[in-house]
Amino acid sequence: MEMSDHRSRNPPPTLLHPEKWCEEFNHFISQCLIKDFEKRPSVTHLLDHPFIKGAHGKVLFLQKRLARVLQEQKQLNSAAKIRHERMHTRGPYHVQDAEKYCLEDDLVNLEVLDEETIIHHLQKRYADSLIYTYVGDILIALNPFQNLSIYSPQFSRLYHGVKRISNPPHIFASADAAYQCLVTFSKDQCIVISGESGSGKTESAHLIVQHLTFLGKANNQTLREKILQVNSLVEAFGNACTAINDNSSRFGKYLEMMFTPTGAVMGARISEYLLEKSRVIKQATGEKNFHIFYYIYAGLYHQKKLSEFKLPEEKPPRYIADETGRVMYDIISKESYRSQFEAIQHCFRIIGFSEKEVHSVYRILAGILNIGNIEFAAISSQHQTDKSEVPNPEALENAASILCISPKELLKALTSHCVVTRGETIVRANPVDRAADVRDAMSKALYGRLFSWIVNRINTLLQPEKNICHSGNGMNVGILDIFGFENFQRNSFEQLCINIANEQIQYYFNQHVFALEQMEYKNEGIDAMPVEYEDNRPLLDMFLQKPLGLLALLDEESRFPQARDQTLVDKFENNLRCKYFWRPKGAALCFGIWHYAGKVLYDASGVLEKNRDTLPADVVIVLRTSENKLLQQLFSIPLTKTGNLAQSRAKIIAASRSLPPHFSSGRAKVDTLEMMRHPEESTNMKRQTMASYFRYSLMDLLSKMVIGQPHFVRCIKPNDDREALKFSRERVLTQLRSTGILETVNIRRQGYSHRILFEEFVKRYYYLAFRAHQTPPASKESCAAILEKSKLDHWVLGKTKVFLKYYHVEQLNLLLQEVIGRVVILQAYTKGWLGARRYKRVREKREKGAITIQSAWRGYEARSKFKKISNRRSESAAHIQAGLRVAPDLKSHPEGDYDYSETSSYFPDVTKKNWHSQAQSSPNGYDVFQRPANKNSMAGTNALTSWTHRATPDHQELSPCEAPWKPGSEDGLAQKQRTPRRRYQQPKMLSSPEDTMYYNQLNGTLEYQGSKRKPRKLGHLKVLDGEDEYYKSLSPVAGIPENIAAHLFFFSSSSKGNYFAQH
């Protein structure tokens, strides 16, 4: 009663200013603060409150409003509280960054949608180091140009199978979304990372691979380490420093991570496209060669091995020298080059390359640097001035020594070439320019094939194990990291190919985000407002169509021997009549293209020669004769249509023609299969060009991308100065316009990014509205029931498909995981109960079996012991009875007149002399109870028994107790001290108190020795035992003379049995 009165006097607290809040919120708070637990509503009732129901779908809006309220409360109540008003918590709560959390994570949720609002929003987030922002299911990533501590394993655990709005936008969230779709839908996924050069695409690819390996959790820890090391190794050979990016990708990379149906990573595969081989021989101003050349030079310098690879220590090789002259100083002084070389060695070792393979790779790289130092000079003569020679043979000899080829053959291949006309081979000399081109073509071919071999070797070492691969159909997550859009001061053939590839990626993005979606609206009868976007399909047709596309015209012009760069530009101008192509006035060898990212001016100088990519047959044959096995392999494996080495070597047919005589003389014997003719040995000009390789590479890349469900990451470069926290509004706005971000926001807000067939939707989500044993039809009604049961809104049903917003699929998947989780828990408990019952039965069965085995063994052991005791007693009884039968004969002779001959007749093997000698050797007599049992004891016992039954009454007057004995013997004295026994008296009945006492003592002794026999009953016959000392003292053997007793028991049981059997 006192407590109830206390409650009535202390009503529950209420809001400070109820008039500032709505009626539903006031009622909800009052219900939560009821003190009486009997009247307080449960959690279930509170969840059904109108205020909670009204909050569905407004989570982001409410979070923003709550942050503003906290900020206002802090400003209004800034006065210091007294001591008892302060609230002490484990950690202070700071709300000075409340505005930071008011920023929208998803641009689709912005109330006002225009370019200015989007730029302002991105700039605010970037200033707060929030570099990631959502546009529906698309991620925008701004390059921070600094290291951020948001990629640790703790963050990886945050983005693992959770709702996307539960955490801030992150690159890990995109990787997790792809992984969850892979596991849930059992369908391949594709993550497309696009953006300009220097926007952070390579680093984003690293982070995605890192998070996928975390989510995949392979059982093989070594496999995870290998996959993480792949990017570092490939980028050392394929990346370089450019004018706008210190780690620019100079090739296209498509990494496929292979997973089991359960989601465990089991392998990886890399596809490489369009390596910029021309960078090996020449770099633009302010740029550098591939990273690996500087790494290996620094590593060999610090290891004191430059002389072993014929590399100079003072002057850098021509291929890595620059106009500043600081290359060698940087190589020697920069610690980063040395550490990177050690990291590359670690990558080789972790992935699985052998030391011999790594050493061969280093020799080929050193050989390329030495080839670049070969210089040519013209030979002036009276008749001919187009010959060339090598004035300084040291560089030539160094290159030949490192590549393990003949210097003479290398010199001939560089300064001359063979031409086959009408079956005859004509050797023509090369002028200086052509010899230099052959030298550079040889270097490019060496590096390109070496890079392709490294990629193929990585794929071999990372391929899934056969037992895992065949256990089920694996699934892939593809990650595209391709060179970004480039616009330099001077753009050449390489930039043209790179930008065409980016046009193709942009077209792929437009098709999936805009074109296909709006096409399905029309086919399914969905009333949706069309979204205008910039379609770059006509521009791609200008590049790729035949026969009047830009690349087709380039290949056609490259087939003409007399074609020049000027004729190429003229052909472009005459055939490419569209708004995307233009030619500036006053520039002879230039042409311009309007790309999706802006207009770019290209320099046509050297484009034809780069497209031909001619490698003379003489050089190929010389390199095939190398003693370096890896170098032989590089030029023996055929090339694919994409210009790379074939993954598995095709069947090789022996060459129809052998090597020329001057190549085979003086050289080691080489396999004829390795001397297969090169595809470019003939003079036919229809061989593959760089443009054809590029076209096939795009086709191969798209064929892999279209298989999987796409996920897009758009990387943005905030400034051109590569400074942290610097945001250039004009630069960012240009990239947003070119990538169509504003249109993407519109279509993600209005449109339906997920379109699923009725049959697939019902099959996937029928657990949410139907029972497990039900099979609902794939109809519109079933889909509507599932969506209504899931409490989703803003969905539309078409003729054959369900149209969902970008966030609906995530909500459905989480609900499905919850339902399946409940089923799994129920199954786990059921399986646990069944397992426990099964284990109990097995345990009881085992216990019964153990008891049966133990019982059988104990019985066997008891029977064995009983048999041994029985045999020993029977043998002892036989010995005693034998003595009893001999004693009556001794009674009939007076003392001293006993005829031992009679005894000898009983025991024919013993003479009188031996009898006395044996008696003297055993003065104390022979202990009959210590004789071991043997296999003939039972026969002797039976013989004694039969002989005892045939005894006649004539012998009954003799008793062994009355036999004469020597008065001075010790046995005789002991016999006098014992009570005499009557002749042939039956075994004594245990009736006296003394016998009863002995009987009890004897039984106690036997029980102590472990015997389990039952106590003897009075009046039963006592079988004599060697251990019963009392009966031993009463035994009639004591009356037998020592010499007879001793002799008696020296016989074997078999001889005694035979003797008694005769009587």
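Select helix H21 (residues 537–544) and show what its buried residues touch: helix H20 (493–524), helix H22 (550–558), strand E13 (581–582) and strand E14 (590–595). Contact here means heavy atoms within 4.5 Å. Helices (H or I, at least four residues) and strands (E, at least two) are DSSP runs, numbered from the N terminus. This is a predicted model, in which local features need pLDDT of at least 70 and side-chain atom pairs count only at pLDDT 80 or more, while totals for chains, interfaces and linings use all residues. Residues are numbered from 1 along each chain as its sequence is written, and side-chain values use heavy atoms, with hydrogens and water left out.

Now colour Leu 539, Leu 540, Met 542 and Phe 543, the buried residues of H21. Buried means under 20% relative accessible area, exposed over 50%, and partly exposed in between (1.4 Å probe, protein chains only). Look down the axis of H21: the buried residues fall within an arc of 155°, so they line one face of the helix. The arc is taken from the directions from the helix axis to the C-beta atoms. An α-helix has 3.6 residues a turn, so residues three or four places apart point the same way.

Move on to the loop between H21 and H22, where Pro 547 is found. The peptide bond from Lys 546 to Pro 547 is cis, with omega near 5°.

From H22, go to E14, which is joined to strand E15 (residues 598–603) by six bridges, the two running antiparallel. Two strands pair if DSSP finds at least two bridges between them. The hairpin from E14 to E15 passes through two residues. Within the pair, Gly 592 stands opposite Leu 601.

Select Asn 502 in helix H20 next. Is Asn 502 buried or exposed? At 3% relative accessibility, it counts as buried. Leaving aside residues up to four places away in sequence, Asn 502 touches Gly 195, Phe 483, Gly 484, Phe 485 and Tyr 596.

Gly 195 leads to strand E3, where it is one of the buried residues. Show the open sheet of seven strands, in the order E1-E2-E16-E3-E12-E6-E7, with mixed pairing. Its edge strands are strand E1 (132–135) and strand E7 (265–273), each pairing on one side only. Neighbouring strands of this sheet are turned by 20° against each other on average, direction ignored. Axes are lines fitted to C-alpha atoms, for helices over the stretch in contact, and angles run from 0 to 180 degrees between N-to-C directions.

Zoom in on E3 (residues 189–195), which five bridges join to strand E12 (residues 475–481), running parallel. Two opposed pairs are worth labelling: Gln 189 with Val 477, and Ile 191 with Ile 479. On the E16 side (residues 709–716), seven bridges join that strand to E3, again parallel. There Ile 191 stands opposite His 711.

How many of the residues of E3 are buried? Seven of its seven residues are. Colour the two faces separately: Gln 189, Ile 191, Ile 193 and Gly 195 are buried on one side, and Cys 190, Val 192 and Ser 194 on the other.

Two helices to add over the sheet are H11 and H28. Helix H11 (residues 221–238) packs on the sheet, touching strand E6 (252–259) and E7, and its direction makes about 10° with that of E7. Helix H28 (residues 690–705) lies across E3, E6, E7 and E12, running at about 155° to E7.

Next come two loop residues. Phe 145 lies between strand E2 (138–142) and helix H8 (153–158), and its phi is near 55°, a positive value in a residue other than glycine. Lys 310 is in the loop between helix H12 (291–302) and helix H13 (327–333), with phi near 60°, also positive. The side of Lys 310 open to solvent can be gauged from its relative accessible area of 35%, which makes it partly exposed. Most residues other than glycine have a negative phi, and most peptide bonds are trans.

Finish with the cysteines. Cys 347 is buried, with a relative accessible area of 3%, and Cys 783 is buried at 0%. A disulfide is counted as a pair of cysteine sulfur atoms within 2.5 Å. By this rule there are zero disulfides.
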